[in-house]
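Dear colleague,

I am passing on the structure we spoke about, together with some notes on what turned up when I went through it. Please look at it first and then read on.

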Amino acid sequence: MDLYKLMKNRRSTREYITKKIPKEKLDSILQAGQFSPSGANQKPFVYIVIDEPDLKKKIKNYCELIDKNFFDNSPKVLKKFMKGRKISLKKDFLVDAPHLVIVAGETDKPSWLESTWISISYVILAAEYEGLATLTYTPAEFDFLKDLLNLPENLEPVLIMPIGYAKNR
Ligand SMILES: Cc1cc2nc3c(=O)[nH]c(=O)nc-3n(C[C@H](O)[C@H](O)[C@H](O)COP(=O)(O)O)c2cc1C
């Protein structure tokens, strides 16, 4: 498929079916994240794939609480945007999508945050190329994930990315 067309067609997806992704496909998509440029070529990011239903449910519960609190205290412009886009405070995609990919950056490496997000862009486009859907979901805080996944001090989660098949596409 034409690259520009692929970029233009990509959409954030907030509704998924539970159908699993073949392992080779998921591996290829995540591999694409390793091809991006990074500060001093350090590739300062880690992709953690979560499939276990219980863990996904826990993440969903935390995120719904965090986002509700954030939304209640957020500026009008954000409330209006979310309403306009019909973005719900229910985060069913966190359990419906077969895989949640947590992306964390290594904070002790140069340009870790920029490098991590460039890598994420590659993964998003690779998923689109494979006919899969993603979302760049960023709850208002990530501390709960550090505890839940027992991450070392230098690993900072920046994204929860559901990957799967879109419900309506
Ligand atoms: C850094 C970043 C954070 C985002 N955080 C969220 C989020 O927490 N929840 C959500 O539903 N969408 C989130 N999005 C998705 C945007 O709302 C979406 O990309 C934008 O509305 C444009 O829609 P499109 O991706 O379909 O083109 C985020 C996007 C980016 C780049």
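How far does a polar side-chain atom of Arg85 lie from an oxygen atom of the ligand? In this model, which is a predicted one, the distance between that atom of Arg85 and the ligand oxygen comes to 2.8 Å. Arg10 also has a side-chain N or O atom 2.9 Å from an oxygen atom of the ligand, and for Arg11 the corresponding distance to a ligand oxygen is 2.9 Å. Of the 620 Å² of accessible area that the ligand has on its own, the protein covers 66%.

The residues surrounding the ligand include, besides these arginines, Arg14, Phe81, Ile87, Trp117, Leu135 and Tyr137, and the shell as a whole divides into 5 nonpolar, 3 polar and 4 charged residues.

Turning to the interior, the largest nonpolar core has 21 residues, among which Tyr47, Met161 and Ile163 touch the most other members. At least two residues of this core are supplied by each of helix H2 (23–32), strand E2 (45–50), strand E3 (99–106), helix H6 (112–129) and strand E5 (155–166), with H6 giving the largest share, namely 6 residues. A second core, separate from this one and made up of 17 residues, includes Cys63, Phe93, Ile102 and Ala133.

Once neighbours within four places in sequence are set aside, Met161 is in contact with several residues, including Val101, Val103, Val123, Ile124 and Leu135; Leu135 is also one of the residues that surround the ligand.

Best regards

Conventions
Residues are numbered from 1 along each chain as its sequence is written. This is a predicted model: local features need pLDDT of at least 70, side-chain atom pairs count only at pLDDT 80 or more; totals for chains, interfaces and linings use all residues. Side-chain values use heavy atoms; hydrogens and water are left out. A nonpolar core is a set of buried Ala, Val, Leu, Ile, Met, Phe, Trp, Tyr and Cys residues joined through side-chain atoms within 4.5 Å. Buried means under 20% relative accessible area, exposed over 50%, partly exposed in between (1.4 Å probe, protein chains only). Helices (H or I, at least four residues) and strands (E, at least two) are DSSP runs, numbered from the N terminus. Contact means heavy atoms within 4.5 Å. A residue is near a molecule or strand if one of its heavy atoms lies within 4 Å of it. A polar contact is a pair of N or O atoms within 3.5 Å; within protein, one must be able to donate a hydrogen and the other to accept it, and residues adjacent in sequence count only if both atoms are side-chain atoms. Accessible areas come from the Shrake-Rupley method with a 1.4 Å probe; for residues, only the protein chains shown count as cover. Ala, Val, Leu, Ile, Met, Phe, Trp, Tyr, Cys and Pro count as nonpolar, Asp, Glu, Lys and Arg as charged, and the others, Gly among them, as polar.
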